[in-house]
Amino acid sequence: GDAECKNLDDGYDCVANITFQGNQKEPLAFTFSGKDNKLGNKFDSTIEISYRTKTGGTLLYVQDGDMYFEVAVLKDQVTVQWNLSVGLPETNRFHKDDTNIEWNTILIKVQEGKLEAGWKGWEDYLEPIPSVSVPIDYGAYMHLFSGKFSIYLGGAPDNDIIPKGNDVGHMFKGCLGEIRVGGLLLPYFPHDELYQNSTSYFI
């Protein structure tokens, strides 16, 4: 529903969203089950993230061993970064020309062999033009989002085992609104809601 954000000197006060002060010890962690339903429907491999921030940080992070996928924002620039198969991490960025601290929504679509990303709305054009369109290892991506691994919001877990990109891994400061992964709404997964040693940031 509608949420109200008041701009405070030390950050944001959000009603009906999640507020991160940037000093959280652990990000929110979610696991989910029931993705592979009996109808055999293909998992909707889209990620949609609505956020508002003056500074930024990691919005979403998931990893398994050396593999990871991360979406981060720094002021007006979004970084989508991953390391899925052998080789170096892939880093792709896009930004807004008009920087503001209003709500922004990122839409990422992954199809066979290709990741497309940009500000929500690009997909509605007759000939969609995403800000980013690059090859990706689809099988490895789907493995990370298979439901076996925690999806972190607002940061990446703080330990040395976890690979992070150069400009990411920082705790997010700002508001997170609606987040959908594979068509499922976070932070309202129906099962297995998991807060790993952290307090809830719901207000």
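The accessible surface of the chain in this predicted model amounts to about 10,400 Å², of which carbon and sulfur atoms supply 49%. Of the 203 residues in the chain, 49% are buried.

The secondary structure comprises 15 strands and one helix. Among contacts in the chain with a separation of 6 or more, 64% join residues that lie 24 or more positions apart.

Confidence varies along the sequence. The average pLDDT of the chain is 76, and 70% of the residues reach a score of at least 70. Residues 5-16, by contrast, have a pLDDT below 50, although the model gives this stretch 40 contacts beyond near neighbours in sequence. A second such segment is formed by residues 188-203, where pLDDT stays under 50; for residues 188-203 the model has 41 contacts beyond four places in sequence.

At the level of a single residue, Glu48 was examined in its surroundings. Glu48 belongs to strand 5, which spans residues 46-64. The relative accessibility of Glu48 is 18%, and this residue therefore counts as buried, the cut-off being under 20%. When residues up to four places away in sequence are not counted, Glu48 touches Thr105, Ile106 and Leu107, together with Lys120. The remaining partners of Glu48 under that criterion are Glu178, Ile179 and Arg180. The contacts of this buried glutamate thus include Lys120 and Arg180 as well as Ile106, Leu107 and Ile179.

Conventions
Residues are numbered from 1 along each chain as its sequence is written. This is a predicted model: local features need pLDDT of at least 70, side-chain atom pairs count only at pLDDT 80 or more; totals for chains, interfaces and linings use all residues. Side-chain values use heavy atoms; hydrogens and water are left out. pLDDT is the predictor's confidence in each residue, from 0 to 100. Contact means heavy atoms within 4.5 Å. Helices (H or I, at least four residues) and strands (E, at least two) are DSSP runs, numbered from the N terminus. Buried means under 20% relative accessible area, exposed over 50%, partly exposed in between (1.4 Å probe, protein chains only). Accessible areas come from the Shrake-Rupley method with a 1.4 Å probe; for residues, only the protein chains shown count as cover.
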